[in-house]
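Dear colleague,

I am passing on to you the structure below, together with some notes on what turned up in it. Please read them with the structure open beside you.

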Amino acid sequence: MELTAPTLQAASDTLRRWALDEDLKARTMANPALAAAAGRVAARYTAGPDVDGALTVLEAASRRGHRLSVECVGESVRDAVVALQETEAFVDLARRLGQAGSLPAPPTVSFDLSHLGSLVSPELGLANASRVAQAARDAGTSVMISAEGSDRTDLVLDLWERLSSDFPETGITVQARLHRTPEDLERVLRRSGPVRLVKGAFFEPSSVAYPRDSEPLVAAYHRLADRLLTSGHRVNLATHDATLIDELHSRHGDTLRESHVEFEMLQGLGTELLDALHAEGFATREYIIYGPEWWLYVLNRIAEHPERVLLALADLGYPALG
């Protein structure tokens, strides 16, 4: 059977729908055999379930010369008690990072606002995010707010603006896929925190987003990168696309070596490319993920390139389930 572009797109869309299916996630993780199998697939893209595993991976990435970001992965918390528990975990993470003498500088702490309770109430999300931002500042670092689906973009930007009033070092992530992002970027550039530019990984309708891996999406990424790089604003160019990086170099040359520019890639994706960029003298950052709530994150990583399903099958190993 030939894997045509429409077939791969359909597979990608299915994986993205699964990523957002909280009932499917709950049923899978409640089954010990399925949960164990899913965990083996996740191990390729995450540093394990706890801070100790994350610190080990962070130290290895630091020895390769990269700056660091770390996230205890999770999203869509709808219980205030759980949101408080997750906030405490991030506060503890920041404390551990500040005490990690093996790291040359504490990593940036990243998170989804919905992980800390923004869907319970915006005020709860802001209060909890402020606690994490203060803990990060106390540890000598800062926080980066991750992107969420387009239906939450207004909430994310509103809370980021409020958070950055007290913590101007706070970064924000924008998605090139969304038609609205050029306007959002002008709003973002009025504040001083770094901007992480990503393509965007969520399942979105064509009315609000460009198709994944399409020419319009690449063009949109370039337009946003052009605006950021010429503005002099701090920017993290977050992509694993070698062709896109080559095009950025052709368009911007040594501007990409200036102090306000970094290339950022996720753990387990683009490792050799990130190392090569570092060897060429570019500022580079590796983004480390850990924690048990990896469902949406890992499925979106596989959905970006559905051929990774074959890697998932290999990671499942033998014997068969059951």
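Phe111 has a relative accessible area of 0%, which means that this residue is buried. Please keep in mind throughout that the model is a predicted one.

The structure holds 2 aromatic pairs. In one of them Phe111 meets Phe90 edge-to-face, with the ring centres 5.6 Å apart and an angle of 65° between the planes. This pair joins distant parts of the chain, since Phe90 belongs to helix H5 (residues 80-99) and Phe111 to strand E2 (residues 108-111), 21 residues apart. Phe90 is likewise buried, its relative accessible area being 0%.

Phe263 and Phe282 also form an edge-to-face pair, at 5.6 Å centre to centre and with 90° between the planes. Here too distant parts of the chain are linked, with Phe263 in strand E7 (residues 261-266) and Phe282 in the loop between helix H11 (271-279) and strand E8 (284-290), 19 residues apart. Phe263 counts as buried at 2% relative accessibility, and Phe282 is buried at a relative accessible area of 4%.

Turning to the helices, H9 (residues 215-231) packs against H10 (residues 242-252) at an angle of about 40°, with the axes 11 Å apart, and H9 is therefore oblique to H10. The crossing of H9 past H10 is right-handed. On the H9 side the contact involves Val218, Tyr221, His222, Ala225, Asp226 and Leu229, which meet Leu244, Glu247, Leu248, Arg251 and His252 of H10. By type, the residues of this contact comprise 6 nonpolar, 2 polar and 3 charged.

With best wishes

Definitions and conventions:
Residues numbered from 1 in each chain as written. Predicted model: local features only at pLDDT ≥ 70, side-chain atom pairs only at ≥ 80, totals over all residues. Heavy atoms only, no water. Axes fitted to C-alpha atoms, helices over the stretch in contact; angles between N-to-C directions. Helix = DSSP H or I, 4+ residues; strand = E, 2+ residues; numbered from the N terminus. Parallel < 35°, antiparallel > 145°, perpendicular 65-115°, else oblique. Left-handed = near helix turned anticlockwise from the far one by under 90°. Contact = heavy atoms within 4.5 Å. Nonpolar A, V, L, I, M, F, W, Y, C, P; charged D, E, K, R; others polar. Phe/Tyr/Trp six-rings, centres within 6.5 Å; stacked < 30°, edge-to-face > 60°. Buried < 20%, exposed > 50% of the residue type's maximum accessible area, 1.4 Å probe, protein only.
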